[in-house]
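Reader: I would like a close look at one part of this protein, taken slowly and with its surroundings kept in view. Please choose a single strand and explain how the chain around it is placed and what it touches.

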Amino acid sequence: LVGVEVKIEGTDMKTYTDFDGNFSFNNVKPGEYKVVTSYISYQKKTDVVNIFSKENNLKVKLEASN
C-alpha cells in the first residue's frame, strides 16, 4: 500500500510508505521499539521490533477494517 503511516511509538519519528510499500527510518539507536502502522479502512497494527544493527527488516501485513 502507498501512503501507510508508520510511527515509532514514544518518539517523534514518523514516515509513510512509498509506491512499493517500503519505508525506512534513519539513526534509530539499538533497542526495543513499538512500530505502529495505520491506514484508512485498515486496522491499526503495532509490532514490537528489536533493533540490533544499522539495517533491519520488518514486513507488516495490514488487515481491512470490518
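Author: What follows is an account of strand E1 and the residue just before it, beginning with the whole protein and then moving along the chain.

The model is a predicted one, and it contains four strands and zero helices, so that from the N terminus on the elements run β-β-β-β. The radius of gyration is 12 Å, close to the 11 Å that the globule rule gives for 66 residues, and the protein is therefore as compact as a globular protein of that length. Taken along the principal axes, the C-alpha atoms fill a box of roughly 35 × 20 × 20 Å. Of the 66 residues, 23% are buried, and among contacts between residues at least 6 apart in sequence, 23% join residues at least 24 apart.

The four strands form an open sheet in the order E2-E1-E3-E4, with antiparallel pairing. E2 and E4 are the edge strands, each of them pairing on one side only, and neighbouring strands of the sheet are turned against each other by 25° on average when direction is ignored. In this order E1 stands between E2 and E3. Its antiparallel pairing with E3 is made through four bridges, while its pairing with E2, also antiparallel, extends over three bridges.

The bridge partners of single residues show how E1 is held on both sides. Lys7 stands opposite Val36 in E3, and in E2 its bridge partner is Lys14. For Glu5, the bridge partner in E3 is Ser38. Between E1 and E2 the chain makes a hairpin with five residues between the strands, and there Gly10 takes a positive phi near 85°.

Val4 lies in the segment before E1, which itself spans 5–8. At 6% relative accessibility Val4 counts as buried, because the limit for that word is under 20%. Val4 and Ser38 are separated by 34 residues in sequence, yet their C-alpha atoms are 6.0 Å apart in space. If neighbours within four places in sequence are left aside, the contacts of Val4 are Thr15, Tyr16, Thr17, Thr37, Ser38, Tyr39 and Leu62.

Glu5 lies in E1, and with a relative accessible area of 16% it is buried, since that value is also under 20%. Its side chain is joined to the side chain of Tyr16 by a polar contact of 3.4 Å. Not counting residues up to four places away in sequence, Glu5 touches Lys14, Thr15 and Tyr16, and also Val36, Thr37 and Ser38.

Val6 has a longer list to report: with residues up to four places away in sequence again not counted, Val6 touches Met13, Lys14, Thr15, Thr17, Phe23, Phe25, Val35, Val36 and Thr37.

Val4 and Val6 both belong to the largest nonpolar core, which has eight residues, the others being Ile8, Tyr33, Val35, Val49, Ile51 and Leu62. E1, E3 (31–38) and E4 (45–51) each supply at least two residues of this core. As a general matter, nonpolar side chains in soluble globular proteins tend to be buried together.

One further residue deserves attention beside this part of the chain. Thr17 has its place in the loop between E2 (14–16) and E3, and with a relative accessible area of 9% it is buried, because this too is under 20%. Its side chain reaches the backbone oxygen of Leu1 at 2.8 Å, and a polar atom of that side chain lies 3.0 Å from the backbone nitrogen of Gly3. Leaving out residues up to four places away in sequence, Thr17 touches Leu1, Val2, Gly3, Val4, Val6, Asn22 and Phe23.

To draw the account together, E1 is joined to E3 by four bridges and to E2 by three, Val4 and Val6 are part of the largest nonpolar core, and the side chain of Thr17 makes its approach to the backbone oxygen of Leu1 and to the backbone nitrogen of Gly3.

Definitions and conventions:
Residues numbered from 1 in each chain as written. Predicted model: local features only at pLDDT ≥ 70, side-chain atom pairs only at ≥ 80, totals over all residues. Heavy atoms only, no water. Buried < 20%, exposed > 50% of the residue type's maximum accessible area, 1.4 Å probe, protein only. Contact = heavy atoms within 4.5 Å. Core = buried A, V, L, I, M, F, W, Y, C linked by side-chain atoms within 4.5 Å. Polar contact = N/O pair within 3.5 Å; in protein donor to acceptor, adjacent residues only side chain to side chain. Pairing = 2+ DSSP bridges. Axes fitted to C-alpha atoms, helices over the stretch in contact; angles between N-to-C directions. Rg over C-alpha atoms; globule rule 2.2 N^0.38 Å.
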